[in-house]
Amino acid sequence: MLVNFWATWCEPCRDEMPSLRTLRERLRGQPFEILTVNYGESATRAREFLERERLDLRVLLDPNQEAARAWRIRVLPGSVLVGPDGRARSAVIGEIDWTSEEAVKAVRALLPSARPGGSGGL
């Protein structure tokens with residue numbers, strides 16, 4: 001799973017979102033999910049942004065930034081790759097192109113079908 005923290009006012013977050021959608025499409029059919037967490041905004045604001053940008057991503061709201069604090073996210077966008085065992089494996093601070101070979105390789109290394117011993121690091 002990829003957990004991505006974002007906000008509509010964050011330009012790098014907005015720039016990164018299409019690559020999240022493309023990554024999800026690229027890995028369709030595999031045991032992989034993307035969960036985005038909106039940082040401190042209303043449901044209406046987040047929904048309007050996603051509709052306007054035609055982004056069909058799963059979103060949780062974090063209106064009081066409690067989840068961000070729990071995950072130690074201090075910079076947006078912030079992303080955490082979570083392994084099949086539920087443990088955080090890699091963290092990314094700032095914008096990343098999730099369609100890059102390096103990012104896709106890191107995600108694939110965490111999939112259950114990946115060979116054992118993969119580092120999964122970015």
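Trainee: Let me start with one side chain: is Phe49 buried or exposed?

Mentor: Keep in mind that this is a predicted model. Buried means under 20% relative accessible area. Phe49 comes out at 3%, so Phe49 counts as buried.

Trainee: Before more side chains, how many helices and strands does the chain have?

Mentor: There are four helices and five strands. Going along the sequence, they follow the pattern β-α-β-α-β-α-β-β-α.

Trainee: And how do I judge the overall packing? What radius of gyration does the chain have?

Mentor: You hold the value up against what a compact globule would give. For 122 residues that would be near 14 Å, and the chain has 14 Å, which agrees. The C-alpha trace spans about 40 × 30 × 20 Å along its principal axes. Buried residues account for 41% of the 122 residues.

Trainee: What about contacts: what share join residues at least 24 apart?

Mentor: Take the contacts between residues at least 6 apart in sequence: 63% of them join residues at least 24 apart.

Trainee: OK, on to strand pairing. In which sense do S2 and S3 pair?

Mentor: Strand S2 (residues 34-39) and S3 pair in the parallel sense, over five bridges. To find the register on screen, look for Leu35, which stands opposite Arg58 in S3. Helix H2 (residues 43-52) joins in as well: S2, H2 and S3 make a right-handed β-α-β unit.

Trainee: Now aromatics. How is a pair of rings described?

Mentor: By the distance of the centres and the angle of the planes. A search of the whole structure here finds two aromatic pairs. In one of them, the ring centres of Phe5 and Trp71 are 6.3 Å apart and the planes sit at 55°, so the pair is tilted.

Trainee: Which parts of the chain does that pair tie together?

Mentor: Phe5 lies in strand S1 (residues 2-6) and Trp71 in the loop between H3 and S4, so the pair ties together parts 66 residues apart in sequence. As for cover, Phe5 is buried, with a relative accessible area of 0%, while Trp71 counts as partly exposed at 37%.

Trainee: And how far apart are the ring centres of Trp6 and Phe49?

Mentor: Those centres are 5.4 Å apart with the planes at 35°, so the Trp6 and Phe49 pair is tilted. This pair links distant parts of the chain, with Trp6 in strand S1 and Phe49 in helix H2, 43 residues apart. Trp6 counts as buried at 0% relative accessibility.

Trainee: Let's try the backbone. Where is there a cis peptide bond?

Mentor: Check omega between Leu76 and Pro77: a cis peptide bond joins them, with omega about -10°. Pro77 is found in the loop between helix H3 (66-70) and strand S4 (78-82).

Trainee: Next, phi. Where does Arg72 lie, and what is its phi?

Mentor: Arg72 has a positive phi of about 60° although it is not a glycine. Its place is in the loop between H3 and S4, and at 65% relative accessibility Arg72 counts as exposed. Look at Gln65 too: its phi is near 60°, again a positive value in a residue other than glycine. Gln65 lies in the loop between strand S3 (58-62) and H3, and is partly exposed, with a relative accessible area of 22%.

Trainee: One last residue: is Val92 buried or exposed?

Mentor: Val92 counts as buried at 12% relative accessibility. You'll find Val92 in strand S5 (residues 88-93).

Note on methods
Residues are numbered from 1 along each chain as its sequence is written. This is a predicted model: local features need pLDDT of at least 70, side-chain atom pairs count only at pLDDT 80 or more; totals for chains, interfaces and linings use all residues. Side-chain values use heavy atoms; hydrogens and water are left out. Helices (H or I, at least four residues) and strands (E, at least two) are DSSP runs, numbered from the N terminus. Buried means under 20% relative accessible area, exposed over 50%, partly exposed in between (1.4 Å probe, protein chains only). Two strands pair if DSSP finds at least two bridges between them. A crossover is right-handed if, with the strands pointing away from the viewer, the path from the first strand over the helix to the second runs clockwise. The radius of gyration is taken over C-alpha atoms; the globule rule is 2.2 Å times the number of residues to the power 0.38. Contact means heavy atoms within 4.5 Å. Rings of Phe, Tyr and Trp (its six-membered ring) pair if their centres lie within 6.5 Å; planes under 30 degrees apart count as stacked, over 60 as edge-to-face and the rest as tilted.
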